[in-house]
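Me: Please show the sequence and the structure, so that we can work through the fold and the packing together.

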Amino acid sequence: MSIGIDIVDLAAVPAMDAQRTRRYCEKVCSAEEAEFILAAEDSQKVLWQFWALKEAIYKCTFDPHQPKAFCAREINIPIAFFSAKGGFECYFENAPLYLDLLQQDNAIIASASIRREVEFYRVPYQNRDLLYKTITKKAATKLGLPRVALQHNEQGQPGLWVPDLEEHIPISMAHHGRFAVWGI
Amino acid sequence: MNAGIQQRLEKIISRYIPEEAKAITITDDTNFLSDLKINSANLIDIMLDVEDEFDITISNDEMDKMTTVGSAKQMVDSKLTV
């Protein structure tokens with residue numbers, strides 16, 4: 001994949017006390033990440049920022065020829081990311097990757113991409129069918145082509161099939177709580 | 001397998017099953033992610049709840065192996081019978 005997007009709706013995550021946050025960190029983070037998260041003023045929010053970035057990187061670097069299950073603690077986020085302004089370039093498995101993170105309406109959106117610029121769209125989430133319809137409609141408008149189909153490959157990765165171009169365009173999408181997000 | 005363990009475990013799991021998968025009949029082969037559509041973040045919540053409920057500690061390696069309801073039951077059972 002060339003893009004990975006994830007979203008965490010902070011209104012939909014269960015509240016955690018300090019002890020549970022620490023235990024959660026121990027299961028999904030490196031020692032360095034956990035130390036950074038637990039020292040933060042809003043540890044829970046920073047934990048979900050890490051989580052969303054890890055999911056985005058996993059999706060972006062997923063290799064369909066060597067599929068691996070998501071394991072959050074195996075993906076380490078550079079702590080320097082959090083003091084960088086705007087997008088951040090780093091390397092994962094020797095490949096350059098751009099990371100970004102933003103917060104809209106109490107939802108965290110993370111992106112990882114091989115390109116610096118990522119286009120993503122946040123929409124309200126009701127159900128999967130409606131989300132797929134929204135994505136194909138928006139993608140058709142964006143591409144200026146009437147026929148666009150959302151397809152998943154054998155590993156479950158989404159993509160847009162554009163018959164008029166005979167092209168498969170990778171996309172990434174996620175939903176959580178009130179929102180869905182998809183990027184191209 | 002202690003029926004009490006099974007019941008307590010299923011009670012924890014059911015908290016995190018999304019609406020779209022609520023009708024699924026849970027068996028030992030039921031996969032948390034692909035069958036029950038439990039997201040990976042909630043899978044960690046299940047592990048923490050299981051640790052609290054049964055007063056056990058689940059290592060990261062053990063957690064990675066708990067992909068189905070049956071494997072979770074076996075893990076809890078083995079820890080309680082040691």
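**Burial, core and contact**

Reply: Of the 184 residues in chain A, 33% count as buried, that is, with 20 or more other C-beta atoms, placed from the backbone, within 10 Å of their own. This is a predicted model, in which local features need pLDDT of at least 70, side-chain atom pairs count only at pLDDT 80 or more, and totals for chains, interfaces and linings use all residues. Residues are numbered from 1 along each chain as its sequence is written, while chains are lettered from A and ligands numbered from 1 in the order in which they are written.

Me: Which helix of chain A gives the most to the largest nonpolar core?

Reply: Such a core is a set of buried Ala, Val, Leu, Ile, Met, Phe, Trp, Tyr and Cys residues joined through C-beta atoms within 7 Å. The largest has 47 residues, and Trp51(A), Ala52(A) and Leu53(A) are among those touching the most other members. Helices are DSSP runs (H or I, at least four residues), numbered from the N terminus, and the one that gives the most, with 11 residues, is helix α3 (residues 43-61).

Me: How many residues does the contact take from chain B?

Reply: Two residues are in contact if their C-beta atoms, placed from the backbone, lie within 7 Å. Chain A gives 10 residues, and the largest share of that side, five residues, comes from helix α1 (residues 18-28) of chain A. From chain B, the contact takes nine residues.

Terms used:
Helices (H or I, at least four residues) and strands (E, at least two) are DSSP runs, numbered from the N terminus. A residue is buried if 20 or more other C-beta atoms lie within 10 Å of its own, exposed if 12 or fewer, and partly exposed in between; C-beta atoms are placed from the backbone.
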